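Visitor: Could you walk me through this one slowly? I'm new to reading structures, so I'd like to start with a single residue and work outwards.

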Amino acid sequence: MTDVVVLEEQPAARPPRTPRVVTDVPTQADRVFDRVTLSAGIFVLVLLGCVGMFLLLRSRPAFDESGIFGFLSRSEWRTDVQPQRIGVLGLLFGTVVVATIAILIAVPLGVFTALFIQEYASPRVRRILSGLVDLLAAVPGLIFGLWGFLYVSPQLVPLSRWLTRNLGWIPIFKTDQNAALVNSMFIAGVVVSLMIVPIIAAVSREVFAQTPPGEKEAALALGSTRWGMIRTVVLPYGKGGIIGGSMLGFGRALGETIVVVLLLPQVPQITGHVLQNCCATISGFIAVRAGGDRFTVSGLMAAGLVLFLITLAVNMIASTIVSRSRSGSGVEL
Amino acid sequence: MTPTRSPRRPRELTPLDLGISVACLVSAIAVCWLFFVQLTGGIGWFGFALAVFGVYLGLLYVVTSDRSGSHVAADRVMTAVVTLFAFAVFVPLVLVIGYVVAKGLPALSFHFFLQDQGGITPSQPGSAGGGAHAIVGTLEQVGLALLLSLPLGLAVAIFLNESRSKWRRPVRIFVDAMSGLPSIVAGLFIYAVLILPYAQKVHLLSFNGFMASLALSLTMLPTIARPVEVVLRLVPAGLREGSLALGSSRAKTVWSVVLPTARTGIATAVVLAIARVVGETAPLILTAFGFDLMNANPFSGPQESLPLFVFQNIRKPSVATISRGYAGALALLIVVLFLFVIARVIGRDRSVRPPRRRRRVVASEGVVA
């Protein structure tokens, strides 16, 4: 039952002692322990490798049909014509636009919430608010989707209508004549933003909490206001955490499915008119079309692979940024 | 000329400040009403609130910088921005929960928990039939997923934190990558690899609850492994070293020192992972498929689940089915909130308690005396 530490016996006479060699002789239990945990770790490697490999293998027919480049650069998805023409660009466009709108709304909300909790609130309020942020993170996407679909969408239409009527000369606010304004990418982005605020707020809060108190006090002692202190000390210190948290939120927004299935018509299209009813995202399109024939499914697998690789890249960059930054080295994502 | 200016703290709000703030708000509302409601024909309550907020901040900045300079003005305005944004985050939370409760309560009756949708047509009122089949399905699928991913997740977390293997780095990267795997892709993977090719030949590999739990456990594994690893890292190194110095093996140390110390943290992480997976809808569309009748066997035939029940009912165009969807959503929300509260109670900081206990001791002594 014991770890045996073997000391190499040294002849007492020799002055320059070689460092002693410590060897670890594992017990039976240790060997089993090592083997079990190692195999669990390897299993995860193999599992994810399988996911990637099977996505690649099963998406072969789609790539064969149009070539990898053709699949990536074509925006239409037609399986009703011969030969079938499918491409991921239209889906990718919708995915990125919705996630971008979501992140534009969620970053100020999340960062200011974190600032309020960390710098403005009293300890009591701080506890309540951070509990509420966790609660917001626990509400299922389905509930947000249902609420967005049946309640938010009609409520936001007057805002969209006002924007397009009065600011329609700005390209992103333009819409087609008499286009429906419910269930637009803008509205989907608003609903998705609510789901990623918690992660941005949580990561930002962790880095803000690690700001050295000495630097904050120095700023205040030099006569800065509270906002001046935040602007010159807290925000620069937490920059890495804010950027990394935002990218994590972006990754989550890219993969969000149910909200976009309920809110968007899921017809792939590339348009700058974000206020009108249109477009599709990769995840939503997969959910809607998965019952199709083998060729459709292979196309969906290819689209899923693209989504997987993009979220993977975004997440990896995010965690690298956080862990490399001055503030985030001890932060767990 | 100005002999005794009394010093004031920068954060202090005088009645004059409050007066200015209220005056700015009132004039912002008036301006926005004139501009948006009278001149340009309606912007909706949400847009109106947004516009009022913007105009209010502008007015506040102008007035304060006129009185006390731009530094103070920037501080005031940013205080208003930060405070309002922080509370704006919780408005949707209240609205979501309130909306689901208000819409779901009329349709949620006791027999929702006892009946399935057998023989129910869309023309019957929303309170007819129930979601018992969905609740049973959710329990079985999430339970099976937990059974698959809990031991594996714990083992991976222990591997990442307690072993000395050179494989730790790649495994950590892959677990990170897995937590970024969109849940719909997990469902698609199970669908395309197991269900699509083998459904005709192997009965187990067709649409059923077990396939759903496989897909769910793919998303559940990293949500257990990552937080548990963080909790394990919080166990003081001194405890580990003490155990090893007393001569116990590493396996024994993990089993009787590290895991018991991290018990509450692990329990919290696991309950939160369950709460997240219970509401997962996307992978179920492609695996459990959904079914209107009670199917208590997760290994055979399509099975309903609570999220799926909600998702499919609210997409139908009939008022009665939508109200059934609301009832299901309320049931789902209750389950999630219940799990959340459990996680909170388990994870409550133990160090907060002793004062209360001491007070109780004092009280009992008083009774004795």
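Guide: Let us begin with Gln266(A), bearing in mind that this is a predicted model. Gln266(A) is partly exposed, because 19 other C-beta atoms lie within 10 Å, while a residue needs 20 or more to count as buried.

Visitor: And where is Gln266(A) in chain A?

Guide: Gln266(A) sits in the loop between α10 (258–263) and α11 (282–289) of chain A. Its phi is near 60°, which is a positive value in a residue other than glycine.

Visitor: Why point out the sign of phi?

Guide: Most residues other than glycine have a negative phi.

Visitor: OK, and Phe289(B), what is its phi?

Guide: Phe289(B) has a positive phi of about 75°, although it is not a glycine. Phe289(B) belongs to the loop between α11 (282–285) and α12 (306–314) of chain B.

Visitor: Is Phe289(B) buried or exposed?

Guide: Phe289(B) is buried, because 22 other C-beta atoms are found within 10 Å.

Visitor: Let's switch to whole chains. How many helices and strands does chain A have?

Guide: Chain A has 12 helices and four strands. Its C-alpha trace spans about 95 × 65 × 30 Å along the principal axes, and of its 333 residues, 48% count as buried.

Visitor: How does the radius of gyration of chain A look beside that of a compact globule?

Guide: For 333 residues, a compact globule would have a radius of gyration near 20 Å, whereas the value for chain A is 27 Å. If you take the contacts in chain A between residues at least 6 apart in sequence, 74% of them join residues at least 24 apart.

Visitor: What about helices and strands in chain B?

Guide: Chain B has 14 helices and zero strands. The radius of gyration of chain B is 29 Å, well over the 21 Å that the globule rule gives for 369 residues, so chain B is more spread out than a compact globule. Along the principal axes, the C-alpha atoms of chain B fill a box of roughly 95 × 70 × 60 Å, and buried residues make up 44% of the 369 residues.

Visitor: And which share of the contacts in chain B joins residues at least 24 apart?

Guide: Among contacts in chain B between residues at least 6 apart in sequence, that share is 71%. For one pair that is separated along the chain, look at Lys103(B) and Ala327(B), which are 224 residues apart in sequence, yet have C-alpha atoms separated by 7.6 Å.

Visitor: Which helix holds Lys103(B)?

Guide: Lys103(B) is in helix α3 (residues 70–104) of chain B. Lys103(B) counts as buried, because it has 21 C-beta neighbours inside 10 Å.

Visitor: Now the two chains together. How many residues does each give to the contact?

Guide: Chain A gives 78 residues to the contact, and chain B gives 78 residues. On the side of chain A that touches chain B, helix α1 (residues 28–58) of chain A gives the most, with 19 residues. By class, that side of chain A has 54 nonpolar, 18 polar and six charged residues.

Visitor: Back to helix α1 of chain A, then. At what angle do α1(A) and α12(A) pack?

Guide: Helix α1(A) and helix α12 (residues 294–324) of chain A pack at an angle of about 140°, with their axes 8 Å apart. That angle makes α1(A) oblique to α12(A), and their crossing is left-handed.

Visitor: Which residues make that contact?

Guide: From α1(A) they are Leu55(A), Leu56(A) and Arg58(A), and from α12(A) they are Ser298(A), Met301(A), Gly304(A), Leu305(A) and Phe308(A). By class, this contact of α1(A) with α12(A) has five nonpolar, two polar and one charged residues.

Visitor: One last pair: how do α4(A) and α6(A) pack?

Guide: Helix α4 (residues 123–138) and helix α6 (residues 185–209) of chain A pack at an angle of about 140°, with their axes 8 Å apart. They are therefore oblique to each other, and the crossing of α4(A) and α6(A) is left-handed. Val133(A), Leu136(A) and Ala137(A) in α4(A) meet Val197(A), Pro198(A), Ile199(A), Ala201(A) and Ala202(A) in α6(A), and this contact divides into eight nonpolar, no polar and no charged residues.

Technical notes: Residues are numbered from 1 along each chain as its sequence is written. Chains are lettered from A and ligands numbered from 1 in the order in which they are written. This is a predicted model: local features need pLDDT of at least 70, side-chain atom pairs count only at pLDDT 80 or more; totals for chains, interfaces and linings use all residues. Two residues are in contact if their C-beta atoms, placed from the backbone, lie within 7 Å. Helices (H or I, at least four residues) and strands (E, at least two) are DSSP runs, numbered from the N terminus. Ala, Val, Leu, Ile, Met, Phe, Trp, Tyr, Cys and Pro count as nonpolar, Asp, Glu, Lys and Arg as charged, and the others, Gly among them, as polar. Axes are lines fitted to C-alpha atoms, for helices over the stretch in contact, and angles run from 0 to 180 degrees between N-to-C directions. Angles under 35 degrees count as roughly parallel, over 145 as roughly antiparallel, 65 to 115 as roughly perpendicular and the rest as oblique. A crossing is left-handed if the near helix is turned anticlockwise from the far one by less than a right angle, and right-handed if clockwise. The radius of gyration is taken over C-alpha atoms; the globule rule is 2.2 Å times the number of residues to the power 0.38. A residue is buried if 20 or more other C-beta atoms lie within 10 Å of its own, exposed if 12 or fewer, and partly exposed in between; C-beta atoms are placed from the backbone.
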